[in-house]
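This report covers one helix and the sheet beside it. The sequence and structure come first.

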Amino acid sequence: MLSKYNQNIVCLSGNHNSELAYFILSGKTDEEIYERIKFYQNIFGVENYFLELIYHEDIPKQRLITDKLIEISQKYSIPVVATNTCYYIEKSDKTTQDVIQAL
């Protein structure tokens, strides 16, 4: 289905819940991670696939994931894009968001 609707689409590798994050946290090698990246590059085009870099200090292991993505980006010349997910407007809503995430 992705191949069918891949025109004019930019693809990001995803956040801390993504497939690549799972690969990183489960100890896959750089080569195994790169093979999965190539899968998506073949669908969307090398020029339309970006590694998504996020720094959220309150998300466990986010720094480890982001640091590994930077390393892979440099090793395989894959472009990156920095993003920032916003889950709430007021800082006081953090607890509510944490509960929602836990559910």
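## Helix α2

Helices here are DSSP runs of H or I, at least four residues long, numbered from the N terminus. The model is predicted. By that rule, α2 covers residues 30-44. Its 15 residues reach 21 Å from the first C-alpha to the last, close to the 21 Å expected at 1.5 Å a residue.

Gly-45 follows α2. The phi of Gly-45 is positive, near 100 degrees.

## The buried face of α2

Which residues of α2 are buried? They are Asp-30, Ile-33, Ile-37, Tyr-40, Gln-41, Ile-43 and Phe-44. Seen down the axis of α2, these buried residues fall within an arc of 160 degrees, so they line one face of the helix. An α-helix has 3.6 residues a turn, so residues three or four places apart point the same way.

What does this face pack against? The buried residues of α2 pack against two helices, α1 (19-25) and α3 (62-76). They also pack against the strands β1 (11-12) and β2 (49-53).

## The sheet

The sheet is open and has 3 strands, in the order β1-β2-β3. Pairing is parallel. β1 and β3 (80-82) are the edge strands, and each pairs on one side only.

How many bridges join β2 to β3? There are 3, and the two strands run parallel. Leu-53 stands opposite Ala-82 in β3.

## Helix α3 over the sheet

α3 lies across β2 and β3. Its direction is at about 145 degrees to β2. The buried residues of α2 also pack against both α3 and β2.

Technical notes. Residues numbered from 1 in each chain as written. Predicted model: local features only at pLDDT ≥ 70, side-chain atom pairs only at ≥ 80, totals over all residues. Heavy atoms only, no water. Expected span 1.5 Å × (residues − 1). Buried < 20%, exposed > 50% of the residue type's maximum accessible area, 1.4 Å probe, protein only. Arc of directions from axis to C-beta. Contact = heavy atoms within 4.5 Å. Pairing = 2+ DSSP bridges. Axes fitted to C-alpha atoms, helices over the stretch in contact; angles between N-to-C directions.
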